[in-house]
Amino acid sequence: MYTDKIEVEGFEHGYERRAEDPRLETHGNATFTHSTGKILSSPRLRLRSICQWMSFTMRRNNDIGQSQGVFWQNARDTRKRNWNLENLQVEDLLGRGSFGEVFQVKAKDDGSEAAIKRIKKNVLNTEKDLSRVKAEFSCWRAMSGHPNVISLFAFVETDTYWCFIMERGNFGSLSQVLRSSDVMLGSQDVRKIAAQLAHAISTLHHAGYLHRDISCSNVLLTENLDCRLIDFGLSVKGTTATSRSGSLAYMAPEVLNRRPAGCAADWWSWGIVVYTMIVGKSPLALFAIREQIDLENISKESRYELAKKTPVVLSTRTSPEERALLVDVLRPDPESRLGMRDGMNFDLLKAHPYFHGVDWTQLDAAKRKILRRIEIRAKRT
Ligand SMILES: Nc1ncnc2c1ncn2[C@@H]1O[C@H](COP(=O)(O)OP(=O)(O)O)[C@@H](O)[C@H]1O
Ligand SMILES: [Mg+2]
């Protein structure tokens, strides 16, 4: 994996954690020792066995610690479940991003299943980390109730982690589905996922937030191939941001060029998600293949330069509606992108020929509810 997914000023610890297990120490000659001092492998052990052992150890490192209390619990969860960490059995690792690790959990009392995202506290940078986690919580909470956003059940803190307890996505992320050979997304599936994701993004923007990390890894799918947006870790309240953030392949030109970026950058990323579903790979991945460049083995700056030069190529195999949609959203000028025009009028996107026949009624009702709730909350404060 190349490792420059996120770049947010003052918050850079994400990637180091990928290969780090506090109980693991590495010594020269590939000898690994556990903190107990037990030697686990000899210098002659083959690299593959070491990797297997490391991944086994990391998978088992699912200790979350003692809960300092459930700070917030979703009032709309009518089952009033007990999300205290002491009541949760932590099971398999579901995924790992640049900030958090997500595990499957099961409630000991009633067997409820959920997922927990744990974010390690960074002792050196507590203020910044705290405000980032607060922003993630605030945006996620604001969006809860949208059918295409993963439900947040509770927010818990321990000595070493912040934990988000949420609905478990049991079909994997869109990027996992696209990589797997078991599931083939048909054009109707792609259209449905594109519509649902667009609706979630539009709701988020109208609620006053930017997501800033729309990508195939941050979209989960259900068995029915409905989409659920996750990961509000880079979300901010407001309409513009200047730091370069997101996943490289999905970054809008203005983000890559460090210009102020707003809602239009999310729409660009959405366009790349739709492109990737239709074509099978992102424009950056295709360009790297064409130029015979291994993205994992070039410097970070070279990757950014390559991303800036990447053309959006539309093959003749895409349908006229698909082409029209992609051309309309992947426009270099942010203000003219689909989703942005006419004061971010979402009706223009809904009326696009590509979405002909999509029923938006239920989603629109959820959006109205969310916006009303935010309005009421704003009046109260
Ligand atoms: N509710 C969930 N159910 C199943 N898998 C999940 C869930 N939430 C996240 N994941 C998996 O974990 C990965 C990392 O989670 P994410 O919230 O994106 O963390 P980060 O902020 O570190 O990127 C995701 O890409 C996805 O594969
Ligand atoms: Mg993520």
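**View 1. Contacts of Trp 270 in the predicted model.** Beyond its neighbours within four places in sequence, Trp 270 is in contact with Leu 197, Ala 198, Ile 201, Ile 214 and Val 329. Trp 270 also ranks among the residues with the most contacts inside the largest nonpolar core.

**View 2. The largest nonpolar core, with 81 residues.** Ile 165, Leu 197, Trp 270, Val 273 and Val 274 have the most contacts inside this core. Helix H6 (residues 263-279) gives the largest share, 12 residues. Both domain 1 (47-166) and domain 2 (174-376) contribute residues, so the core lies between them. In soluble globular proteins, nonpolar side chains tend to be buried together.

**View 3. The shell of 22 residues around ligand 1.** Gly 95, Gly 97, Ala 115, Gly 169 and Asp 231 come nearest to the ligand. Two or more shell residues come from each of strand S4 (88-96), strand S5 (100-107) and strand S6 (113-120). The largest share, three residues, belongs to S4. By class, the shell holds eight nonpolar, nine polar and five charged residues. Domain 1 (47-166) and domain 2 (174-376) each supply at least three residues to this shell.

**View 4. Lys 121, in the loop between S6 and helix H2 (126-143).** An unreviewed UniProt entry annotates Lys 121 as "binding site". Lys 121 has 17 other C-beta atoms within 10 Å, so it counts as partly exposed. Leaving out neighbours within four places in sequence, its contacts are Thr 126, Asp 129, Thr 160, Tyr 161 and Trp 162. Of these, Thr 126 and Asp 129 fall within the bounds of H2 (126-143).

Methods. Residues are numbered from 1 along each chain as its sequence is written. Chains are lettered from A and ligands numbered from 1 in the order in which they are written. This is a predicted model: local features need pLDDT of at least 70, side-chain atom pairs count only at pLDDT 80 or more; totals for chains, interfaces and linings use all residues. A residue is near a molecule or strand if its C-beta atom, placed from the backbone, lies within 6 Å of it. Helices (H or I, at least four residues) and strands (E, at least two) are DSSP runs, numbered from the N terminus. Ala, Val, Leu, Ile, Met, Phe, Trp, Tyr, Cys and Pro count as nonpolar, Asp, Glu, Lys and Arg as charged, and the others, Gly among them, as polar. Domain bounds come from an automatic or database domain assignment. A nonpolar core is a set of buried Ala, Val, Leu, Ile, Met, Phe, Trp, Tyr and Cys residues joined through C-beta atoms within 7 Å. A residue is buried if 20 or more other C-beta atoms lie within 10 Å of its own, exposed if 12 or fewer, and partly exposed in between; C-beta atoms are placed from the backbone. Two residues are in contact if their C-beta atoms, placed from the backbone, lie within 7 Å. UniProt positions are given in the numbering used here, feature names are shortened, and annotations may be inferred rather than shown by experiment.
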